[in-house]
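Dear colleague,

Please find below the structure that I am handing over to you. My notes on what was found in it follow directly after.

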Amino acid sequence: MIDYTSAGIDFGMLAPEIYLLVMAFVVLVVGHLRKVHDWTPVIAIAGLLGALYFSIQQWGNQSSGFFGMVSCDSFGVAFKIIFSSSTLLTVMLARRYMRKKMIERPEFYALLLISTMGMMVMANTTDLVVMFLGLEIMSVPLYVLAGLARRSLQSNEAGIKYFIMGAFASAFLLMGIAFVFGSAETTELRRIVANFNFILNNHSVLFSAGIGLILIGFGFKIGIVPFHSWIPDVYQGAPTPITAFFSVGPKAAGLAVLLRIFLYGFAEFSPLTNLFWILAVITMTVGNVFALRQSNLKRLLAYSSIAHAGYMLVAFTVGGGQAISAVIFYMIGYTLFNLGAFAVVTMLETRSGCSSDLKEVAGLGTTSPYLAAILAVFMFALSGFPPTVGFFGKFYLFSTAVENGFYWLAIIGVMNSFVSVYYYLKVIKTAYFDSASATFESVSYTPAVTFVLFITLLGTLGFGLFPSSLMEFTKSAIFAFL
Amino acid sequence: MVPISAYLIVAVVLFGIGTMGVLISRNIIVLFMCVELMLNAANLALIAFSRSLNIMDGHAFVFLVLTVAAAEAAVGLAMVITIYNNRESINIDRFNILKW
């Protein structure tokens, strides 16, 4: 067991975070020098590659420092790798789109890096206060990013909606942390776990209220029904590469923190099992049912991301190491194919006169057969067909539910997957069988965008054909955490 | 000495007022004020707990929260100004481009 009061101040533990922050400032400075400002994306990519490198260096390290405020374990490192690689792909994806829409600014890259740093802070701690701070470091840049297209009314609206819901959620979270602090006398999860029953017996009302408020706060952030109403609006209004980022990075960060809090810190709090059962079922059902009638691709993917959050909540109902590794597996798969799907949408939207409407996909099968095929692969992965990683993600998740006796949950989950097939296949059908309503210019590939498509496609199919390698990774990721 | 429950009741009432304000207010600026009220309710609870438990953690946490609230307010007000420039209104009922 890690010594959780370790006072050691070891900055090596924070190497990826510090490196990202420094690079974000470099981007800000360089972005305003007239001769070199074209290099900002390159610097951002260098920052993210560095953070990725430092994170991989930390793999297998088990330590805790800064008076227990920072803990460096494989679980956090696994998530750090997810964050830095997904941001890396976003940066590559974004450049051309931002240019085309005339909203490329150096602040964009700096905000992405700072937000990624916030996610790393969130994943890297077992202290509620530090989690709150990480969440805010992540969220405040996200509000700005959602409203980045200042002249676009849609983007303005997305930004302000995200901001209001985010700040509202933070207030709930903070009140919850205050209540937990009042009842447990600490905000350190490991100490809460050590005295869990004592705290619960002595301050049951205060402590339960605190747990409930924390759940509401994070429910808003990762979009659990009934706190999901902002997601479709923000996803539709924000510039598409930024939406791609929203749908993977912050979701993974929220998941990491929720896993730490609810499957480690408050794992013994018994009402949570039933609560998560209900939340999982309504979240996946509402997401899928509302997605059925969407005619905008970004909005469709937004509802699909709500449904995927619902599938991930299955792991919270089940609990235990196997469920945690299954949900991390699912998250990695989801990151790959969701980012890929958004990459295709971004490419389509880069054609002039397009606005991510489903009709604009029509005729893609004849005009750009490769892109149509790639889109089809991602849609199959999202709906969970083999041999994609989407199938194995769902398979592991629902099989842990069955093994632990949650038959109905697994049945409802599988039925929901069948419902979701309808709207994912509708996209493929539109691409291949509908005739184009208007002629658009053909889709052009740049090296960066091609690289993003290649990596996401490789991951989706590669881990789909050889899921065991990824499974080994997720199993060793949770080893430390239990 | 005032018992801790009194402080807690005030904090919870403030938090409730803030929540109601966010839900029923139509003006973004008022909405921000209500969110700030909620954050300060949490601050009051933290200070009260910290004082009654005789642990300094809560006091330190309040400063962090104040910083976060300031950062949020800066971003929020900047957004309100952008929106006002684009459509000369900050009434939340007019944010209806993105729907269903």
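I begin with a single residue of chain A. Ser84(A) lies in helix 3 of chain A, which covers residues 74-100. Please bear in mind throughout that this is a predicted model.

Is Ser84(A) buried or exposed? Its relative accessible area is 0%, and because the limit for a buried residue is under 20%, Ser84(A) counts as buried. Neighbours within four places in sequence aside, the residues in contact with Ser84(A) are Leu48(A), Ala51(A), Leu52(A), Thr116(A) and Met120(A).

I turn next to chain B. Its secondary structure consists of 3 helices and 0 strands, so that the order of elements from the N terminus reads α-α-α. The C-alpha trace of chain B spans about 50 × 25 × 25 Å along its principal axes. The radius of gyration of chain B is 17 Å, whereas a compact globule of 100 residues would have one near 13 Å. Of the 100 residues in chain B, 42% are buried. When the contacts in chain B between residues at least 6 apart in sequence are considered, 51% of them join residues at least 24 apart.

The two chains also touch each other. How many residues does each chain bring to the contact? Chain B supplies 44 residues and chain A supplies 39 residues. Between them an area of about 3,700 Å² is buried, and carbon and sulfur atoms account for 82% of that area.

Specific polar interactions between the chains were counted as well. There is 1 salt bridge between chain B and chain A. It joins the side chains of Glu157(A) and Arg87(B), with an N to O distance of 3.5 Å. The count of residue pairs in polar contact between the chains, with both residues at pLDDT 80 or more, is 2.

Which elements of chain B give two or more residues to the side that touches chain A? They are helix 1 (4-24), helix 2 (28-53) and helix 3 (57-87) of chain B. Helix 3 of chain B gives the most to this side, with 16 residues. By residue type, the side of chain B that touches chain A comprises 33 nonpolar, 7 polar and 4 charged residues.

Yours sincerely

Key: Residues numbered from 1 in each chain as written. Chains lettered and ligands numbered in written order. Predicted model: local features only at pLDDT ≥ 70, side-chain atom pairs only at ≥ 80, totals over all residues. Heavy atoms only, no water. Contact = heavy atoms within 4.5 Å. Buried area = accessible area lost by both parts, 1.4 Å probe. Salt bridge = Lys/Arg side-chain N within 4 Å of Asp/Glu carboxyl O. Polar contact = N/O pair within 3.5 Å; in protein donor to acceptor, adjacent residues only side chain to side chain. Helix = DSSP H or I, 4+ residues; strand = E, 2+ residues; numbered from the N terminus. Nonpolar A, V, L, I, M, F, W, Y, C, P; charged D, E, K, R; others polar. Buried < 20%, exposed > 50% of the residue type's maximum accessible area, 1.4 Å probe, protein only. Rg over C-alpha atoms; globule rule 2.2 N^0.38 Å.
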